[in-house]
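Student: Please give me a close look at one part of this model. Pick a starting point and then work outward from there.

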Amino acid sequence: MGPRVMRRLPKFVHGFIDRHGKPRFYFRRPGFESVPLQGLPYSAEFMRAYEAALAGQPRPPATRAGAGTMAALALSYFGSPQFHALRSSSQYVYRRTIERFGKDHGDNRAADLRRDHVVKLMSRLAEKPHAANTLRRALCAI
């Protein structure tokens, strides 16, 4: 395996020589799964695997939040004119507060959030009254 083989690879193919001295080739196309290709470039085995990878289906886009969840509500709030009208320091505080809330409760349905839930969340922050009030204000803004 000399440098001549590694010089011209087909489109979307990346190759390297691993720590054991074995040449490895991968089909890496943006938006598609990374696929290992067998054989040396332009061999019959390699070209069959390359054609199959080239004809593959694109990877489905990752959905960050399910519809109706607190995470989806937060994402829509972050893109809203109401959020962008805030000063940058307020945006920073609200974003951090909402993202912290979303780590634990992002998959929960937004319609199921009740007043007693907010009171319980605020009571957990009793030793930090400013953080509790910031959480309440952020949830009201959403």
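**From one helix to the hairpin**

Tutor: Begin with S89, which is found in helix α5. Keep in mind that this is a predicted model. Helix α5 covers residues 88-105. How exposed is S89? Its relative accessibility is 40%, so S89 counts as partly exposed. The word has fixed limits: buried means under 20%, exposed means over 50%, and partly exposed lies in between. We will need those limits again.

Stay in α5 and move along to R95. R95 forms a salt bridge with E99. The closest N and O atoms of the two are 3.8 Å apart. A salt bridge here needs a side-chain nitrogen of Lys or Arg within 4 Å of a carboxyl oxygen of Asp or Glu, so 3.8 Å passes. Why can R95 and E99 be partners along one helix? Count the steps. R95 and E99 are four residues apart in α5, so about one helical turn separates them. Now check their exposure. R95 has 32% relative accessibility and so counts as partly exposed. E99 has 41%, which means that E99 is partly exposed as well.

Next comes R100, also in helix α5. R100 belongs to a patch of positive charge on the surface. The patch gathers R96, R100, K103 and K128. How does the exposure of R100 fit? Its relative accessible area is 49%, so R100 is partly exposed. A patch residue needs over 30% relative accessible area and no salt bridge, so R100 clears the area limit with its 49%.

Now leave the helix. Go back to S89 and look across to H20. The two lie 69 residues apart along the chain. Their C-alpha atoms are separated by 52 Å. That takes us to another part of the model, so let us see what is built there.

Strand β1 holds residues 13-17, and strand β2 holds residues 23-27. They pair in the antiparallel sense, over five bridges. Together β1 and β2 form a hairpin, with five residues between them. In the turn, G21 has a positive phi of about 85 degrees. Read across the pair and you can match residues. G15 stands opposite F25 in β2. F16 stands opposite R24 in β2. Here is a rule to carry with you: in a regular strand the side chains alternate between the two faces of the sheet.

R24 has another partner. Its side chain meets that of D18 in a salt bridge, at 3.0 Å from N to O. Are these two buried or partly exposed? Take them one at a time. R24 has a relative accessible area of 31%, so R24 is partly exposed. D18 stands at 15%, which means that D18 counts as buried.

Strand β2 also has a neighbour on its list of pairings. Three bridges join β2 to strand β3, residues 35-37, and the two run antiparallel. Within β3, P36 is the bridge partner of Y26. P36 also gives us a second long span. A141 and P36 are 105 residues apart in sequence, yet 48 Å apart in space, C-alpha to C-alpha. A141 lies in helix α7, residues 129-141. Its relative accessibility is 16%, so A141 counts as buried.

Two loop residues deserve a stop. F12 is in the loop between α1 and β1. F12 has a positive phi of about 70 degrees, although it is not a glycine. Most residues other than glycine have a negative phi. At 23% relative accessibility, F12 counts as partly exposed, because the buried class ends under 20%. Y42 is in the loop between β3 and α2. Its phi is near 70 degrees, again a positive value in a residue other than glycine.

Finish with the salt bridges. How many does a search of the whole structure find? Three. You have met R95 with E99, and R24 with D18. The side chains of D116 and R114 meet in a salt bridge too, at 3.1 Å from N to O. D116 has a relative accessible area of 41%, so D116 is partly exposed. R114 is at 49%, which means that R114 counts as partly exposed.

Notes: Residues are numbered from 1 along each chain as its sequence is written. This is a predicted model: local features need pLDDT of at least 70, side-chain atom pairs count only at pLDDT 80 or more; totals for chains, interfaces and linings use all residues. Side-chain values use heavy atoms; hydrogens and water are left out. Patches are made of residues with over 30% relative accessible area and no salt bridge: like charges are joined within 9 Å, nonpolar side chains (Val, Leu, Ile, Met, Phe, Trp, Tyr) within 5 Å. Accessible areas come from the Shrake-Rupley method with a 1.4 Å probe; for residues, only the protein chains shown count as cover. Lys and Arg count as positive and Asp and Glu as negative; His and the chain ends are not counted. The place of a charge is taken as NZ of Lys, CZ of Arg, CG of Asp or CD of Glu. Buried means under 20% relative accessible area, exposed over 50%, partly exposed in between (1.4 Å probe, protein chains only). Two strands pair if DSSP finds at least two bridges between them.
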